[in-house]
Amino acid sequence: MRLPGGVGLIILDNLCKSYGSGKHAVTVIDHVSMEVTKGEIFGIIGQSGAGKSTLLRCVNLLARPDSGSVTVGGVELTRLNTRELQAQRRKIGMIFQHFNLLSTLTARDNVAFPLRLEGLSRQEIRRRADELLEMVGMSAHADKYPAQLSGGQKQRIGIARALAGRPDVLLCDEATSALDQETTRSVLALLQDINRKLGVTILLVTHEIEVVRAICDRVAVMQRGQIVESGRTADLLLRPGHPATRELLRQTEDPDGGDASGSDAGGTIIRVLYSGDSAGKPALSEAVRGTSVQFVILHGTVSRIRDVPYGRMTIRLTGPSGETASVIGRLREQGWEVETPDVL
Amino acid sequence: MSYDEIPWPIIWQAARETLVMLGASLALSVPIGLVIGVLVFLTSPGQFWQQIWVNRLLSLIVNVTRSVPFVIMMIYVMPITRWLVGTSIGMKGAIPPLVIAAAPFFARMTEIALREVDRGVIEAAEAMGTPRLLIIWRVLLREARTGLIAGVTVTAVNLVSYTAMSGVIGGGGLGDLAIRYGYQRFRSDVMLVTVVLLVILVQLLQSFGDRLVQRLSRNP
């Protein structure tokens, strides 16, 4: 399945950036090129210090790349003067890890802040602000100050403010990293809603694989200023190619592979992975039919990444070795990926 | 020495002079100091008008002015005073040196207050495409307002003590009265009255400032 569109809404071309100079220069972004397609939710994941937040800031030029170009919605931002850039930035929303709301303004006035820049009438500003508050479910808190709100509520205000200029793009800088799991889930659901209903393209940066798993269509993995791997979320999470990706996945994976229970019971232990179309088939029972091979599932996960169903299991096969080999062959014919002890 | 010998009309006259000097110099020092403070802050490394040399120069001027004792400053700036207001003595002549002393002080207070503003909030405003002058006005000064008011209060209290020294150039005021009557004529009753009045003035300024800060604070 290919993603619709194909024209990059955000195009980063050969960006480089370093801080400091001479001997102390630190390269934060090292020749990064990437494209974000209109309508998608794109994630950039990496350990802290990988350069992902700086990369995100390059999109609206809060951080200026030393070289390379940034194009958003067909406009090459890196060529604009200050005034033109300010005008373009109004079409790019941004939310932050620490929300960055004005502490001296009420929730409504925070949302109204970007509206005031557009020279709308007082009534129009108020109407739009209330509309935005309603959309993020914060109408009841319109007259409260940020200090009176919880983290999740503040982020909702941040989202409403970011959407005030009816942006095509929303940049999210670790938007859920300061929130607990429950709140993270609700904020992610809101972001997904905004993506679907308003068609806002979302580029987000996170160190949490769960965020990527939950809402990203595509993902890029960053390490030491470079994008080391990128692709569709399901592909990348199920078949990580780069050590950095595996390292990120290890954070959330069940540490015991289920192997312990099967180690001295004999038989052949295999690990299988299936996804997409092959997930719906009774492949395992088909594979052992007509043989004397028996199977025990030692450990497994059956789930879905975005719209891709998948399963990952550790299985013990017992039976004559010739038959076991043919069972493994049949599983592979069904499109299953099988890791056998030799490979392990 | 009895109570009714206290020269009340002279004391009220001096009190009025103190208030005029305080009001005029504060009214001038605050905007001047605010502009200098904002410039010092915005030209410092990492801010959007980053200009290391402008920053160092401004900072140096602020520091030099602040390190000259007021009594000396008053005499030192006399040519400037004369050029500005046509005289270097009297209440009128006292106002320029008061401003020259208090504005850099308030500039430093302003800079400190602005440093307290969350960098992320400025970044958010930039990300929204806010023009820089509006960032200064609607974000920086607004978010720093309690610190700024606290700075005005401290500056005002400082000015009260500066005005006491303006007697040297015939500036008048309560401090001057305390020296001329209380010290030179051994009228300790007049001395006491002026000191009490000065204490009351400082108390009023401080509590007014504190109350304003409290009312405008949005961080419980």
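Student: In which helix of chain A do Asp193(A) and Lys197(A) both lie, and how many residues apart are they?

Tutor: In this predicted model, Asp193(A) and Lys197(A) both belong to helix H6 of chain A, which covers residues 181–198, and they are four residues apart, about one turn of the helix.

Student: What makes the contact between the side chains of Asp193(A) and Lys197(A) a salt bridge?

Tutor: The criterion asks for a side-chain nitrogen of Lys or Arg within 4 Å of a carboxyl oxygen of Asp or Glu. For Asp193(A) and Lys197(A) the N to O value is 3.1 Å, so the pair meets the criterion and is called a salt bridge. In general, side chains of opposite charge can pair when their charged atoms come close.

Student: Why is Lys197(A) called exposed, while Asp193(A) counts as partly exposed?

Tutor: The exposed class requires a relative accessible area over 50%, and the buried class one under 20%. Lys197(A) has 65% and is therefore exposed, whereas Asp193(A), with 34%, falls in between and is therefore partly exposed.

Student: How do you know that Glu124(A) and Arg127(A) form a salt bridge, and where do they lie?

Tutor: The closest N and O atoms of Glu124(A) and Arg127(A) are 3.2 Å apart, and since the limit is 4 Å, the pair qualifies. Both residues lie in helix H4 of chain A, residues 122–135, three residues apart, which is about one turn of the helix. Glu124(A) is partly exposed at 29% relative accessible area, and Arg127(A) is partly exposed at 43%.

Student: What makes the pair Asp235(A) and Arg232(A) a salt bridge as well?

Tutor: Their N to O value is 3.9 Å, and because the cut-off is 4 Å, the pair is accepted. Asp235(A), at 38% relative accessibility, counts as partly exposed, as does Arg232(A) at 23%. Elsewhere in chain A, salt bridges that share partners join Arg108(A), Arg126(A), Asp130(A) and Asp143(A) into one network, and the search of the whole structure finds 21 salt bridges over all chains.

Student: Why is Cys16(A) not counted as part of a disulfide?

Tutor: A disulfide needs two cysteine sulfur atoms within 2.5 Å, but the closest cysteine sulfur to that of Cys16(A) belongs to Cys58(A) and is 10.0 Å away, which is too far for a bond. Cys58(A), whose nearest cysteine sulfur is that of Cys16(A), is likewise in no disulfide, and the count over all chains is zero.

Student: Are Cys16(A) and Cys58(A) buried or exposed, and what makes them so?

Tutor: The limit for a buried residue is under 20% relative accessible area. Cys16(A) has 16% and is therefore buried, and Cys58(A), with 0%, is therefore buried too.

Student: Which residues have the most contacts inside the largest nonpolar core?

Tutor: That core has 53 residues, and those with the most contacts inside it include Ile95(A), Ile157(A), Cys172(A) and Leu204(A). Leaving aside neighbours within four places in sequence, Leu204(A) is in contact with residues among which are Ile41(A), Phe42(A), Cys172(A) and Val211(A). A second, separate core of 34 residues includes Val28(A), Ala50(A), Leu55(A) and Leu203(A).

Student: How do you know that Arg138(B) has no salt bridge?

Tutor: The nearest side chain of opposite charge, that of Asp109(A), is 11 Å away, and since a salt bridge requires N and O within 4 Å, Arg138(B) has none, although it is buried. Arg138(B) is found in helix H7 of chain B, residues 132–143, and, not counting residues up to four places away in sequence, it touches Leu102(A), Phe113(A), Arg116(A) and Leu117(A).

Student: Why is Ser217(B) called partly exposed?

Tutor: Its relative accessible area is 32%, and because this is neither under 20% nor over 50%, Ser217(B) is partly exposed. Ser217(B) is placed in the segment after helix H10 (188–216) of chain B, and its C-alpha is 6.5 Å from that of Thr146(B), although the two are 71 residues apart in sequence.

Student: How many helices and strands does chain B have, and what does UniProt place at residues 15–209?

Tutor: Chain B has ten helices and zero strands. An unreviewed UniProt entry places the feature "domain: ABC transmembrane type-1" at residues 15–209 of chain B, a span that is 82% helix and 0% strand in this model, with its end C-alpha atoms 21 Å apart.

Definitions and conventions
Residues are numbered from 1 along each chain as its sequence is written. Chains are lettered from A and ligands numbered from 1 in the order in which they are written. This is a predicted model: local features need pLDDT of at least 70, side-chain atom pairs count only at pLDDT 80 or more; totals for chains, interfaces and linings use all residues. Side-chain values use heavy atoms; hydrogens and water are left out. UniProt positions are given in the numbering used here, feature names are shortened, and annotations may be inferred rather than shown by experiment. Helices (H or I, at least four residues) and strands (E, at least two) are DSSP runs, numbered from the N terminus. Buried means under 20% relative accessible area, exposed over 50%, partly exposed in between (1.4 Å probe, protein chains only). A nonpolar core is a set of buried Ala, Val, Leu, Ile, Met, Phe, Trp, Tyr and Cys residues joined through side-chain atoms within 4.5 Å. Contact means heavy atoms within 4.5 Å. Lys and Arg count as positive and Asp and Glu as negative; His and the chain ends are not counted.
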